[in-house]
Amino acid sequence: MSRTKLRDDEEITGIFKRHGQVVYRICFAYMKNHADAEDALQQTFFKLIEKRPVLTSEEHEKAWLMRTAANICKNALRHWWRKRQDIDDVHDLATNIEDETVLQEVLKLPEKYKIVVYLYYYEGYNNVEIADILKKPPSTIRNHLREARSILRERLGDDFDEE
């Protein structure tokens with residue numbers, strides 16, 4: 001993809017079809033409600049159209065979109081008028097996840113753990129890939145995963161299965 005070439009509707013539609021659900025779930029994990037997650041999703045794809053980054057592969061597309069979505073959500077959460085809401089719509093995020101209780105606890109984790117756990121367990125990324133996406137050292141990612149597992153084990157007891 002050339003940086004000077006404008007993306008056409010068909011290309012944007014294809015990117016959205018490939019990665020829209022993943023980006024939405026990341027936005028929902030941060031924002032904790034549908035309306036704000038949808039706004040963040042829309043802003044992420046607007047940035048894609050506006051910035052026209054050179055994306056060399058589908059994995060690069062996905063990583064760029066996930067990182068952009070996370071940044072948009074973090075910026076939105078920093079605003080003084082932002083009130084965190086309870087996780088009342090978590091069932092929609094958990095459509096293919098067997099245990100909603102575990103997902104609810106994952107979404108209640110502090111921000112630094114939540115996204116790492118989500119990417120590792122629900123999206124299937126390994127430590128090195130997550131470190132690259134989040135621009136952090138792999139050792140930090142491993143520590144966040146270890147600390148998150150400890151918190152989840154404490155909160156869930158026998159219900160926590162670390163597969």
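Let me start with a pair of helices, H1 and H6, whose axes come within 10 Å of each other and cross at roughly 155°. An angle over 145 degrees counts as roughly antiparallel, so H1 is roughly antiparallel to H6. The crossing of these two helices is right-handed. On the H1 side the contact involves Arg-25, Ile-26, Ala-29 and Tyr-30, and these meet Glu-111, Lys-114, Ile-115, Tyr-118 and Leu-119 on the H6 side. Sorted by class, the residues in this contact of H1 with H6 are six nonpolar and three charged, with no polar ones.

I should say at once that what you have in front of you is a predicted model, and that everything I describe this morning is to be taken in that light.

To place that pair in the whole, the protein has eight helices and zero strands, so that, read from the N terminus, the order of elements is α-α-α-α-α-α-α-α. Of the 163 residues in the protein, 44% are buried. If we take the contacts between residues at least 6 apart in sequence, 61% of them join residues that are at least 24 apart.

Staying with H6, which covers residues 111-122, the next partner to look at is H7, residues 127-134, and here the axes again come within 10 Å, with a crossing angle of roughly 135°. H6 and H7 are therefore oblique to each other, and H6 passes H7 in a right-handed crossing. The residues that make this contact are Ile-115, Val-116, Leu-119 and Tyr-120 from H6, together with Asn-127, Ile-130 and Leu-134 from H7. By class, the contact of H6 with H7 has six nonpolar residues and one polar residue, and no charged ones. You may have noticed that Ile-115 and Leu-119 have come up twice, since they are listed in the contact of H6 with H1 and also in the contact of H6 with H7.

Let me go back to H1, which spans residues 9-31 and contains Tyr-24. Tyr-24 has a relative accessible area of 15% and is buried. Leaving aside residues up to four places away in sequence, Tyr-24 touches His-34, Ala-37, Glu-38 and Leu-41. For the last of these, Leu-41, the C-alpha atom is separated by 5.7 Å from that of Tyr-24, although the two residues are 17 apart along the chain.

Now to the cysteines, where one might ask: how far is the sulfur of Cys-27 from the closest cysteine sulfur? The closest one is in Cys-73, at 3.9 Å, and because a disulfide needs two cysteine sulfur atoms within 2.5 Å, that separation is too far for a bond. Cys-73, for its part, is in no disulfide, the nearest cysteine sulfur to its own being that of Cys-27. The count for the model as a whole is zero disulfides. As to their surroundings, Cys-27 is buried at 0% relative accessibility, and Cys-73 is likewise buried, at 0%.

Turning to H3, residues 58-78, we find Thr-68 within that helix. Thr-68 counts as buried, at 13% relative accessibility, and, with residues up to four places away in sequence set aside, it touches Thr-44 and Lys-47.

I would also like to draw attention to two backbone positions in loops. Arg-52, in the loop between helix H2 (34-51) and H3, has a positive phi of about 50° although it is not a glycine; it is partly exposed, with a relative accessible area of 26%. Lys-135, in the loop between H7 and H8, also is not a glycine, and its phi is positive at about 55°. At 66% relative accessibility, Lys-135 counts as exposed.

Finally, what is the setting of Arg-146? Arg-146 sits in helix H8, residues 138-156, where, at 49% relative accessibility, it counts as partly exposed. Arg-146 and Val-117 are 29 residues apart in sequence, and their C-alpha atoms are 9.7 Å apart in space.

If you take away one point from the helix pairs, let it be that the crossing of H1 and H6 is right-handed, and that H6 also passes H7 in a right-handed crossing.

Terms used: Residues numbered from 1 in each chain as written. Predicted model: local features only at pLDDT ≥ 70, side-chain atom pairs only at ≥ 80, totals over all residues. Heavy atoms only, no water. Buried < 20%, exposed > 50% of the residue type's maximum accessible area, 1.4 Å probe, protein only. Axes fitted to C-alpha atoms, helices over the stretch in contact; angles between N-to-C directions. Helix = DSSP H or I, 4+ residues; strand = E, 2+ residues; numbered from the N terminus. Parallel < 35°, antiparallel > 145°, perpendicular 65-115°, else oblique. Left-handed = near helix turned anticlockwise from the far one by under 90°. Contact = heavy atoms within 4.5 Å. Nonpolar A, V, L, I, M, F, W, Y, C, P; charged D, E, K, R; others polar.
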